[in-house]
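Trainee: I'm new to this one, and I'd like to know what stands behind the labels people put on it. Can we go through them together?

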Amino acid sequence: MKCCRYFGTDGIRGKVGESLITPEFILKLGWAIGKVLGRCSSGTVIIGKDTRISGYMLESALEAGLSSAGLSSAFTGPMPTPAIAYLTRTFRAEAGIVISASHNPYYDNGIKFFSIEGTKLSSKIEEVIETYLSNKLTCVSSAELGKASRIIDAAGRYIEFCKATFPTHLTLKTLIIVVDCANGATYHIAPSVLSELGAKVITVGCHPDGMNINKKCGTTDVRQLRDRVLQENADVGIAYDGDGDRVIMIDHFGNRVNGDKILYVIAREKLRQSKLEGGVVGTLMSNMGLVFALQKLGIPFVRSHVGDRYIIEMLNKKGWRIGAENSGHIILLDYTTTGDGIIASLQVLSAMITNNISLYNLCSDICLLPQILLNVNFARHCINPLQSPVVKKVYQNVKYQLLGRGRVLLRQSGTEPCIRVMVEGDNIEEINYFGNQIVDAIKSVS
């Protein structure tokens with residue numbers, strides 16, 4: 001696991017106007033990126049963003065920094081994170097940058113990066129960028145300054161790319177789909193993809209105003225989507241997060257289908273079609289119920305650290321193609337280089353149509369154990385609560401109590417100043433009790 005001053009598990013993230021997410025720092029970051037990733041002068045970096053109001057300010061600062069390093073910027077406007085990965089590859093750009101804080105509220109923002117291959121930057125490259133951030137900013141001559149342009153057809157290009165991952169002999173004409181775009185970057189993409197494939201589409205969270213991204217909608221809050229699915233008697237509901245790299249689904253009974261179940265459905269369908277290469281990768285957070293269900297199918301399973309970059313590292317190490325986080329990051333290397341909510345949902349819809357079966361029935365063979373995830377905030381300047389003897393003692397006690405029938409996992413978030421507490425077992429009352437014990441211990445030392 002890497003240890004950087006600025007970079008977390010998915011780029012740089014924070015509250016706008018504080019710490020790192022300021023015009024001054026982002027300008028310097030743009031310059032550092034240009035110095036490290038620019039293979040030649042006059043190269044281009046593609047810049048996309050989600051719908052946060054701060055995106056306008058940050059993209060201007062990035063453009064200024066890149067220009068001072070001699071690189072040009074090509075803006076896409078609001079676009080899903082995986083779309084920038086795709087466009088970076090197709091345009092052979094020096095790099096791709098996404099201005100987004102994913103599933104966080106509007107007052108947060110962040111910067112994500114893609115290499116020329118459309119993959120997340122390696123830890124080594126991030127460390128080099130951090131080194132440049134400690135140097136004095138310099139500027140190329142006026143004749144070498146980068147320029148700015150806009151990719152007019154970015155949305156259309158990505159829509160066609162997504163549609164191409166859906167089997168050409170299938171159609172969605174028999175489905176009524178409610179899609180929740182979290183008032184984020186997929187608002188003008190996902191409904192078009194689904195409707196152009198034939199579905200009757202009903203939209204939720206598709207009216208961004210700069211401050212309503214992820215607000216009571218999207219993958220972090222599916223209540224509105226669930227209600228609409230039941231109200232419209234829809235076949236399925238699909239929720240994306242603010243930047244479109246996560247997906248959570250709702251079946252026609254209103255049940256939540258998380259990343260673990262989506263991974264199971266896709267892997268089983270690949271196996272049925274004799275297209276599964278090896279096994280699948282989950283994370284430390286993946287439910288034990290997923291492991292049991294995959295074992296019954298004879299599908300190998302391994303865990304990586306939390307974060308899509310670590311899933312991809314493990315997939316490449318094993319030579320496998322499918323991985324996921326239970327939060328909804330679904331990695332399908334046969335189609336793209338990073339987590340893509342739209343493409344993942346299309347593979348589930350394909351399985352529904354191919355087998356003429358509901359999402360509810362597709363998930364009938366996987367039973368997840370009760371699992372809770374609690375977040376405990378702490379001040380960045382404080383000592384990590386996980387190093388406290390008090391917390392360690394409570395953790396070890398809970399671990400002993402759950403031995404053989406459950407799990408407990410404590411980890412510091414790589415994107416937010418909080419400790420994530422996961423407790424999993426066969427009794428919901430018991431795991432709630434244990435979870436609250438750990439939370440109280442963390443709060444007592446924070």
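Mentor: Sure, let's start at a helix end: Asn-287 caps the N-terminal end of helix 9, with a side-chain oxygen 2.7 Å from the backbone nitrogen of Gly-289. A polar contact is a pair of N or O atoms within 3.5 Å; within protein, one must be able to donate a hydrogen and the other to accept it, and residues adjacent in sequence count only if both atoms are side-chain atoms. Keep in mind that this is a predicted model: local features need pLDDT of at least 70 and side-chain atom pairs pLDDT 80 or more, while totals for chains, interfaces and linings use all residues. Residues are numbered from 1 along each chain as its sequence is written, and side-chain values use heavy atoms, without hydrogens and water.

Trainee: What makes a stretch a helix here?

Mentor: A DSSP run does: H or I over at least four residues gives a helix, E over at least two gives a strand, and both are numbered from the N terminus. Helix 9 covers residues 288-297, and just after it Gly-298 takes a positive phi of about 75 degrees.

Trainee: Which residues of helix 9 are buried, and what do they pack against?

Mentor: Buried means under 20% relative accessible area, exposed over 50% and partly exposed in between, using a 1.4 Å probe and protein chains only. In helix 9 the buried ones are Met-288, Gly-289, Leu-290, Val-291, Ala-293 and Leu-294. They pack against helix 8 and strands 12, 13, 17 and 18, where contact means heavy atoms within 4.5 Å.

Trainee: How do you know that the length of helix 11 agrees with what it should span?

Mentor: The expected span is 1.5 Å times one less than the number of residues. For the 15 residues of helix 11 that gives 21 Å, and the end C-alpha atoms are 22 Å apart, so the two agree. Helix 11 is mostly covered too, with 13 of its 15 residues buried. At its start, a side-chain oxygen of Asp-340 comes to within 3.1 Å of the backbone nitrogen of Ile-342.

Trainee: And Asn-356, just after helix 11: why does it count as exposed or buried?

Mentor: Its relative accessibility is 73%, so Asn-356 counts as exposed. Asn-356 sits in the loop between helix 11 and helix 12, and its phi is near 50 degrees, a positive value in a residue other than glycine.

Trainee: Which other residue has a positive phi although it is not a glycine, and why is it called buried or exposed?

Mentor: Ala-182, with a phi of about 60 degrees, in the loop between strand 7 and helix 6. Its relative accessibility is 0%, so Ala-182 counts as buried.

Trainee: Why does Thr-165 count as buried, and what does its side chain reach?

Mentor: Thr-165 has 8% relative accessibility, so it counts as buried. Its place is the loop between helix 5 and strand 7. The side chain reaches the backbone oxygen of Cys-162 at 2.7 Å and makes a polar contact with the side chain of Gln-347 at 3.4 Å. Beyond its neighbours within four places in sequence, Thr-165 is in contact with Tyr-335, Ile-343, Leu-346 and Gln-347.

Trainee: What makes an empty space a pocket or a cavity?

Mentor: On a 1 Å grid over the protein atoms alone, a cavity is a set of points where a 1.4 Å probe fits but cannot get out; a pocket is an open set with protein on both sides within 12 Å along at least five of seven lines, and lining residues have an atom within 4 Å of a point. The second largest pocket holds about 230 Å³. Of its 16 lining residues, the closest to the centre are Lys-270, Gln-273, Tyr-335, Gln-347 and Ser-350. Helix 8 and helix 11 each supply at least two residues of that lining.

Trainee: How many cavities does a search of the whole structure find?

Mentor: Two of 30 Å³ or more, where a volume is the space filled by probe spheres set on grid points joined across faces, edges and corners. The largest cavity has about 50 Å³, and its lining includes Phe-113 and Arg-309. The second largest cavity has about 30 Å³, with Lys-270 and Asp-334 among its lining residues.

Trainee: Phe-113 lines the largest cavity; how far apart are Ile-33 and Phe-113?

Mentor: They are 80 residues apart in sequence and 9.3 Å apart in space, C-alpha to C-alpha. Ile-33 belongs to helix 1 and touches Phe-113, among others. Its relative accessible area is 0%, so Ile-33 is buried.
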